[in-house]
Amino acid sequence: MKKGVFLARKKDGSVYYRSNINRFGKHISLGSFATEDEAAMAYLAAVSIYENKDITLLNLSSNTAPLTFEKAVSIINHRDNGLYIKTPIYLRQSYFSYFLSGVGELKFDNDDLFYYSSHHIHARNGHMYVNDFGMQYGILARFGIKNYAVAGRDYSFANGDDHDFRYQNIIIINRYHGVRLKETPGHTCYETRIHIVGEYFIGSYDCDSIAAVAYNKAADAALKAGITKKFPQNYVVDYTASEYADIYRSITLPVRYLNYLEEYAE
């Protein structure tokens, strides 16, 4: 066997080849390959990265084959920062970068390092997510941003970089379902709307938390009328249970909306 290459067999008995390397006291698997030559080339590519600091994150594409892009990032981080991380992370001075093939560099605060060092980010149709306990979670969910949120309307990025997920760069505009911020000269309010067949205006409120309670009440009324649509419930953390109940009782739903529900129930 060529250096760094090991013969392996699948459950059906067919042969494949694994490539490994040891650096800085760390045993690193470089992947599985169909041929011995490919596995050997992967080993040589890894050796080249470790020994040649001219190979950087900026020129990986021309220096890593047949190593995967993600594996090459992990090796460069190990070489430069002395820490091997299985996911394609490169440690910076006060944050870290996650390099996602086909997407580019994503920036995160160090508070998220433990999570993303053990969870791979995937991208599909512009949606970035991780698999966790058999479920898919959008990476924006860690900021409390719902999967139906719209960039520019419900959240934005302070520096304009939609790949910068550091906490100080995330601006949450609308944190509740059915609630939208409305700003006019000299006045700011939160509008509550609910969509059934069409969109129904529920009211304008000075606080987004009250507007969220109003949405919940409108959704409860719709369900009581027999509408089978699944309405997301807003979890309002700003109030105690008794405060929530008082606000809920004080909200009056619009007559137009109530008439629609009454006609539906008939």
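This passage walks through the sheet, the helices packed on it and a nonpolar surface patch in a predicted model.

The sheet comes first. Three strands build it, lined up in the order S1-S2-S3, and the sheet is open, with antiparallel pairing. That leaves S1 and S3 (26–33) as the edge strands, each pairing on one side only. On average, neighbouring strands are turned by 30° against each other, direction ignored. In general, the strands of a sheet pair through backbone hydrogen bonds, in either a parallel or an antiparallel way. Here, S1 and S2 (residues 15–23) go antiparallel, with five bridges between them. One residue pairing can be picked out: Phe6 has Arg18 in S2 as its bridge partner.

Two helices pack on this sheet. Helix H1, covering residues 36–51, touches S1, S2 and S3. The direction of H1 makes about 15° with that of S2. Helix H2, covering residues 69–81, touches S2 and S3, and its direction makes about 165° with that of S3.

Then there is the surface. Met1, Leu7 and Val15 together make a nonpolar patch of about 280 Å². Met1 sits in the segment before strand S1, which spans 5–9. Is Met1 buried or exposed? Met1 counts as exposed because its relative accessibility is 59%, and the cut-off for that label is over 50%.

Conventions: Residues are numbered from 1 along each chain as its sequence is written. This is a predicted model: local features need pLDDT of at least 70, side-chain atom pairs count only at pLDDT 80 or more; totals for chains, interfaces and linings use all residues. Side-chain values use heavy atoms; hydrogens and water are left out. Patches are made of residues with over 30% relative accessible area and no salt bridge: like charges are joined within 9 Å, nonpolar side chains (Val, Leu, Ile, Met, Phe, Trp, Tyr) within 5 Å. Accessible areas come from the Shrake-Rupley method with a 1.4 Å probe; for residues, only the protein chains shown count as cover. A salt bridge is a side-chain nitrogen of Lys or Arg within 4 Å of a carboxyl oxygen of Asp or Glu. Helices (H or I, at least four residues) and strands (E, at least two) are DSSP runs, numbered from the N terminus. Buried means under 20% relative accessible area, exposed over 50%, partly exposed in between (1.4 Å probe, protein chains only). Two strands pair if DSSP finds at least two bridges between them. Axes are lines fitted to C-alpha atoms, for helices over the stretch in contact, and angles run from 0 to 180 degrees between N-to-C directions. Contact means heavy atoms within 4.5 Å.
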